[in-house]
Amino acid sequence: ANYIIETRDLLTKKGGRDFLVSLRRIQTNNDTSHVQAADVVQAELLQFKGIGRKVADCVALFSLDQRNAIPVDVHVKNIAIRDY
């Protein structure tokens, strides 16, 4: 329950719906900047307690129109780094 309360408070402090809409609007026109836009959105979402990289990328991709956000499970990433 503490995660929910802290998330609510932080979201309210950041501007609530307007904050989330602003994350959706972070877009750029060239391919290399799209990765940077997804990184900016991820960094903003990681500020919320209980949100990790994969969840942040899922929210960015499926709710905030960040098409270059790629959700990757940490265990899959570690195996890929180790074996490939």
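**Figure 1. Ala43, a partly exposed residue with a relative accessible area of 41%.** In this predicted model, Ala43 counts as partly exposed because its relative accessible area of 41% falls between the limits of 20% for buried and 50% for exposed residues. Ala43 belongs to helix H3, a helix that covers residues 31-45. The view also takes in Ala56, which stands 13 residues from Ala43 along the chain, with 8.3 Å between the two C-alpha atoms.

**Figure 2. The protein chain as a whole, with five helices and zero strands.** Followed along the sequence, the chain shows the pattern α-α-α-α-α, and its C-alpha trace spans about 40 × 35 × 15 Å along the principal axes. Of the 84 residues in the protein chain, 19% are buried. Among contacts with a separation of 6 or more, 47% are made by residues that lie 24 or more positions apart. The chain exposes about 6,300 Å², and carbon and sulfur atoms supply 55% of that area. The chain carries 12 positive and 10 negative charges, and the mean positions of these two sets are 4 Å apart.

**Figure 3. The largest pocket and the residues that line it.** The volume of the largest pocket is about 280 Å³. Helix H3 (31-45), helix H4 (53-63) and helix H5 (74-83) are the elements that each give two or more residues to the lining of this pocket. Which of these helices supplies the largest share of the lining? The largest share comes from H3, which contributes four residues. The lining holds 14 residues in total, and those nearest the centre of the pocket are Gln42, Arg53, Asp57, Ile70 and Val72.

**Figure 4. Thr7 in helix H1 and the residues that Thr7 touches.** Thr7 is found in helix H1, which is made up of residues 2-14. With a relative accessible area of 26%, Thr7 is partly exposed. Which residues does Thr7 touch, not counting those up to four places away in sequence? The residues concerned are Phe48 and Lys49. Although Thr7 and Phe48 are 41 residues apart in sequence, their C-alpha atoms are 5.8 Å apart in space.

**Figure 5. Asp65, a residue with a positive phi in the loop between H4 and H5.** The phi of Asp65 is positive, at about 60°, although Asp65 is not a glycine. Most residues other than glycine have a negative phi. Asp65 lies in the loop that runs between H4 and H5, and a relative accessible area of 31% makes Asp65 partly exposed.

**Figure 6. Pro71 in the loop between H4 and H5, shown with its contacts.** Is Pro71 buried, exposed or partly exposed? Pro71 counts as partly exposed, because its relative accessibility is 29%, a value that lies between the limits of 20% and 50%. When its neighbours within four places in sequence are left aside, Pro71 is in contact with Lys54, Asp57, Cys58 and Leu61. One of these contact residues, Asp57, is also named among the residues that lie nearest the centre of the largest pocket. A further distance in this view is the one to Arg25, which is 46 residues from Pro71 along the chain, and here the C-alpha atoms are separated by 20 Å.

Technical notes:
Residues numbered from 1 in each chain as written. Predicted model: local features only at pLDDT ≥ 70, side-chain atom pairs only at ≥ 80, totals over all residues. Heavy atoms only, no water. Buried < 20%, exposed > 50% of the residue type's maximum accessible area, 1.4 Å probe, protein only. Contact = heavy atoms within 4.5 Å. Areas by Shrake-Rupley, 256 points an atom, 1.4 Å probe, with all protein chains shown as cover. Lys, Arg positive; Asp, Glu negative; His and termini not counted. Charge placed at Lys NZ, Arg CZ, Asp CG, Glu CD. 1 Å grid on protein atoms, 1.4 Å probe; cavity = no way out; pocket = protein on both sides within 12 Å on 5 of 7 lines; lining within 4 Å. Points joined across faces, edges and corners; volume = space filled by probe spheres on them.
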